[in-house]
Amino acid sequence: MKQLVRRIGQTFALTLPVVLVTTGTLAVTRVPWAPPTGFDQQVVAAASGDGAGIGRSATTTKTDGLAPQDSLRVALLDELRAKNPSAALDLLERSMREQPSLTPYCTSLATELGKAAVRKYQGDVQRARSFARPVCDGSFAAGVTG
């Protein structure tokens, strides 16, 4: 009996690291900060040129000379005004995926979008809150209520 328990323990000790490494490797194959591959590469390339880009219209306000986070803020507010908060949150989410260097600004940008949504709907917090979803830890909802 003692030998059986020892054998099971040895088998477990040898297979557990293999299972953990394999599952960990599979878990990080599609992370937002990984370099894009295949179709993703085409989408990022299309968005990084001088053209309109993803989710932006050709009539978007010029943001030459602004810091990247300020340029994104202008684009997000333009998107919110032109369409709705959901479209602006989509753009924010895509931007965080495509430009990981902007993630430190995500919370403040989402909060500003929440406040701008309340202004867009003339103080109707319920309507603005209906667009909330967990982008940047729910900061949009915090902006709506605060």
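This is a short talk about the fold of one protein, taken from a predicted model.

Hi everyone, and thanks for coming. Let's begin with the overall layout. The protein has 146 residues, and 27% of them count as buried. Its secondary structure comes to 7 helices and 0 strands. If you read along the sequence, the pattern is therefore easy to say aloud: α-α-α-α-α-α-α. Now look at the contacts between residues with a separation of 6 or more: 58% of these are made by residues 24 or more positions apart.

Before we go into details, how confident is the predictor? The average pLDDT of the protein is 77, and 70% of the residues score at least 70. Where is confidence lowest, and where is it highest? It is lowest in helix H2, residues 39-47, with a mean of 43, and highest in H3, with 94. Please keep an eye on residues 38-60, where the pLDDT is below 50. Beyond near neighbours in sequence, that stretch has 23 contacts in the model.

Now to the inside of the protein. The largest nonpolar core has 25 residues. Which residues have the most contacts inside it? They are Leu72, Leu76, Leu92, Met96, Leu113 and Phe140. Four helices each supply at least two residues of this core: H3 (68-82), H4 (85-98), H5 (106-120) and H7 (139-145). H5 gives the most, with 7 residues.

Let's stay with Leu113 for a moment. Leaving out residues up to four places away in sequence, Leu113 touches Leu76, Leu77, Leu80, Ala88, Leu89, Leu92 and Phe140. If you have the structure open, try selecting Leu113 together with those partners.

Next, helix H3. What span should we expect for its 15 residues? At 1.5 Å a residue, the expected value is 21 Å, and the end C-alpha atoms are 21 Å apart, so the model agrees. The buried residues of H3 include Leu72, Ala75, Leu76, Leu77 and Leu80. They also include residues with other kinds of names, such as Gln69, Ser71, Asp78 and Glu79. Among the parts that cover the buried residues of H3 are H4 and H5.

That brings us to H5. H5 has 15 residues too, and at 1.5 Å a residue it should span 21 Å; its end C-alpha atoms are 21 Å apart, which agrees. In H5, the buried residues are Cys106, Leu109, Ala110, Leu113, Gly114, Ala116, Ala117 and Val118. What do they pack against? The answer is H3, H4, H6 and H7. After H5 comes Gln122, whose phi is positive, near 50 degrees.

Cys106 deserves a stop of its own. The structure holds 1 disulfide. A disulfide is a covalent bond between the sulfur atoms of two cysteines. Here Cys106 is joined to Cys136, with S to S at 1.3 Å. Cys106 lies in helix H5 and Cys136 in the loop between H6 and H7, so the pair ties together parts that are 30 residues apart in sequence. Are these two cysteines buried or exposed? Cys106 has 8% relative accessibility, so it counts as buried. Cys136, at 14%, counts as buried as well.

There is another link to show you, this time between rings. The structure holds 1 aromatic pair. It is formed by Tyr121 and Phe131, which are stacked: 5.8 Å centre to centre, with 5 degrees between the planes. Tyr121 sits in the loop between H5 and helix H6 (125-129), and Phe131 in the loop between H6 and H7, so the pair ties together parts 10 residues apart in sequence. Tyr121 is buried, with a relative accessible area of 8%, and Phe131 is buried at 19%. Why does 19% still count as buried? Because buried means under 20% relative accessible area.

My last stop is Glu93, in helix H4. Is Glu93 buried, exposed or partly exposed? Its relative accessibility is 36%, so Glu93 counts as partly exposed. Leaving out residues up to four places away in sequence, Glu93 touches Arg133 and Val135. Glu93 also brings us back to Cys106: the two are 13 residues apart in sequence and 8.8 Å apart in space, C-alpha to C-alpha.

To wrap up, remember the core of 25 residues, the disulfide between Cys106 and Cys136, and the stacked pair of Tyr121 and Phe131. Thanks for listening!

Conventions
Residues numbered from 1 in each chain as written. Predicted model: local features only at pLDDT ≥ 70, side-chain atom pairs only at ≥ 80, totals over all residues. Heavy atoms only, no water. Core = buried A, V, L, I, M, F, W, Y, C linked by side-chain atoms within 4.5 Å. Buried < 20%, exposed > 50% of the residue type's maximum accessible area, 1.4 Å probe, protein only. Contact = heavy atoms within 4.5 Å. Expected span 1.5 Å × (residues − 1). Phe/Tyr/Trp six-rings, centres within 6.5 Å; stacked < 30°, edge-to-face > 60°. pLDDT = per-residue confidence, 0-100. Disulfide = S-S within 2.5 Å.
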